[in-house]
Amino acid sequence: MTAARAAASGRWHVALEHPADFATFRIAARTLTAHGISSRDVDWSVGAPDGGLFGAPRSVDELPPPPAERIPRAPRAFVDLAERLVCHRDIERFHLAHRLLERFAGEPRLLEIASDPDVAAARTMAKNVDRCAHKMKAFVRFRETTDADGTPRYVAWFEPEHHTLDRTAPFFVRRFPGMRWSILTPTRSAHWDGEALTLAEGASREVAPDGDVNEELWRTYFGAIFNPARLKVNAMRSEMPKRYWKNMPEGEMIAPLIRSATERTDGMVAAPTRAPVRSTRLAREQEREEAEIAALTDNITSLEDLRRAASRCQLCPLHAPATQTVHGEGDPNAPLMFVGEQPGDQEDLAGLPFVGPAGQLFDRALEAAGIDRSRVFVTNAVKHFKFEPRGKRRIHKTPGASEVYACKVWLDAERALVRPALTVALGATAARALSGGPVRTGDVRGKLMNWADGARGFVTVHPSYLLRLTDPDAKQAKLEEFIADLSRVRELTPL
């Protein structure tokens, strides 16, 4: 019986060694796909399957090795994505990864379609796994115990949201190479003896120690660094979710410190002022920030170099929730550059500027003004999408001054490479980025001006402003004014 006929007569099963078993998944998915077995006919589980109503499914181990020419090909980026994806807790993660592998035969550039539902779901799940791994690195707390030979061993209990221990354990090997330690989770455990890392099945909370002599020192330290005047409860709970508090020695202090924050802040305000103490902390922070920027921007000689560098940017918090960095697009020698505020929801998914509703309105206005978009360069002051989640929707949120400032290095680099004769700010955020300070759009709209670096500039409204207008007559009038601004820009620029 051929593999295809076998698949038609029943289901297939892949037995994984543990919940994030990428090695087994990779071999099995390639074998199944090479034999033409659809992902719809495959069950993935940790260990052997139950018999079920229609009997036990066939094991992938029964299939012969496929011919080399039939083994599916996938880009390296997919391997990286799948390694993270299979660590997610969603029970459909292996089906999704298998389905993506199948699709590469007919869609070799599938991963470039950011709006594809499978690609978008996989990237979101992978990003959730990355965030979970970050939480593990930040919130694991070791307690000191002793091995049978009398050597100290440090043991931590952690309950990750996803199956991230296998990906994260090597970090702790590099961080604590000289001590014996174990990290226990409900589904997996990691043990380091100073020479070898061993990964095994999970454990129960009862086998982990409750505390040690060092925890009082840790609580004292946490209480000393807590600053009630800078407390932002929602931001803190976002970065340190409440579910992790119970396994952290300082966790029992957080709620009382929050409750007392207002009273302590009032006391700080009422206290007599003191002369400022000279400190080099701010200078060191500025030097560190300048070093990070230099490391990212060193040796940038082309827009492609710039895109690669900006894709690694972590100069502000917006990189974490965004899907990707959205770079500028257009003629690299354009005499005219348009700068918007930030990517929107559709731009964040597609990785391209001005492709959503505001971008479509912008294209129509450019055409009406006689400007060929292929001859200009279009970008944004901020390269990551800042949003506020509301149910399943992501609602635009205006970038703050610190985020505009952090992204200015990329906007400056784009302008230095393209060298436009005129740079047009679409809205107040773009004008702020180019001028170096707050700008009232109504005061300078439609006027030729100079930006902070001396380059020629022009300010008009952002097309999203027109979309927010509800009165049809007012919208049409404002659109005509916007087209008139663009016509003025065309007259000022040698297109």
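This note goes through the predicted model point by point, from overall content to sheets and helix pairs.

1. Overall content. The protein is a predicted model with 18 helices and 16 strands. Of its 495 residues, 44% are buried. Taking contacts between residues at least 6 apart in sequence, 70% join residues at least 24 apart.

2. The three-stranded sheet. An open sheet of 3 strands runs in the order β2-β1-β3, and its pairing is parallel. Its edge strands are β2 (42–46) and β3 (58–59), each of which pairs on one side only. Strand β1 (residues 12–16) is joined to β3 by 2 bridges, and these two strands run parallel. Within this pairing, His-13 stands opposite Ser-59 of β3.

3. Helices on the three-stranded sheet. Helix α2 packs on this sheet and touches β1 and β2, with a direction at about 165° to that of β1. An angle over 145° counts as roughly antiparallel, so α2 is roughly antiparallel to β1. Helix α4 also lies across β1 and β2, and runs at about 135° to β2.

4. The pair α2 and α4. The two helices that touch β1 and β2 also pack on each other. Helix α2 (residues 22–34) and helix α4 (residues 93–103) meet at an angle of about 45°, their axes being 10 Å apart. The two are therefore oblique to each other, and the crossing is right-handed. On the α2 side the contact is made by Phe-25, Ala-29, Arg-30, Leu-32 and Thr-33, and on the α4 side by Phe-94, Ala-97, His-98, Leu-101 and Glu-102. By class these residues divide into 6 nonpolar, 2 polar and 2 charged.

5. The five-stranded sheet. A further open sheet has 5 strands in the order β4-β5-β6-β7-β8, with mixed pairing. Strands β4 (143–146) and β8 stand at the edges with a single partner strand each, so one side of each has no neighbour in the sheet. On average, neighbouring strands of this sheet are turned by 25° against each other, with direction ignored. Strand β7 (residues 188–192) pairs with β8 in the antiparallel sense over 5 bridges. One position in this pairing is Arg-188, whose bridge partner in β8 is Glu-201. Helix α6 (residues 165–175) packs on the sheet and touches β6 (180–184), β7 and β8; the direction of α6 makes about 20° with that of β7.

6. Ala-200 on the edge strand. Ala-200 lies in strand β8 (residues 197–201). Its relative accessibility is 27%, so Ala-200 counts as partly exposed. Leaving aside residues up to four places away in sequence, Ala-200 touches Arg-188 and Ser-189. From Ala-200 to Arg-188 the separation is 12 residues in sequence and 5.9 Å in space, C-alpha to C-alpha. Arg-188 has Glu-201, rather than Ala-200, as its bridge partner in β8.

7. The pair α13 and α18. Helix α13 (residues 357–368) and helix α18 (residues 472–492) have axes that come within 9 Å and cross at roughly 60°. The helices are therefore oblique to each other, and they cross in the right-handed sense. From α13, the residues Leu-361, Phe-362, Ala-365, Leu-366 and Ala-368 meet Leu-479, Phe-482, Ile-483 and Leu-486 of α18. This contact has 9 nonpolar residues, with no polar and no charged ones.

8. The pair α14 and α15. Helix α14 (residues 401–418) packs with helix α15 (residues 428–435) at an angle of about 70°, and the axes are 9 Å apart. That angle makes α14 roughly perpendicular to α15. The crossing of α14 and α15 is right-handed. Ala-401, Val-404, Lys-408, Leu-411 and Arg-415 of α14 make the contact with Thr-429, Arg-432, Ala-433 and Leu-434 of α15. The contact of α14 with α15 holds 5 nonpolar, 1 polar and 3 charged residues.

9. Reading the helix pairs together. Two packed helices are described by the angle between their axes and the distance between the axes. For α13 and α18 these are roughly 60° and within 9 Å; for α2 and α4, about 45° and 10 Å; for α14 and α15, about 70° and 9 Å. As for residue classes, the contact of α13 with α18 has no charged residues, that of α2 with α4 has 2, and that of α14 with α15 has 3.

Conventions
Residues numbered from 1 in each chain as written. Predicted model: local features only at pLDDT ≥ 70, side-chain atom pairs only at ≥ 80, totals over all residues. Heavy atoms only, no water. Axes fitted to C-alpha atoms, helices over the stretch in contact; angles between N-to-C directions. Helix = DSSP H or I, 4+ residues; strand = E, 2+ residues; numbered from the N terminus. Parallel < 35°, antiparallel > 145°, perpendicular 65-115°, else oblique. Left-handed = near helix turned anticlockwise from the far one by under 90°. Contact = heavy atoms within 4.5 Å. Nonpolar A, V, L, I, M, F, W, Y, C, P; charged D, E, K, R; others polar. Pairing = 2+ DSSP bridges. Buried < 20%, exposed > 50% of the residue type's maximum accessible area, 1.4 Å probe, protein only.
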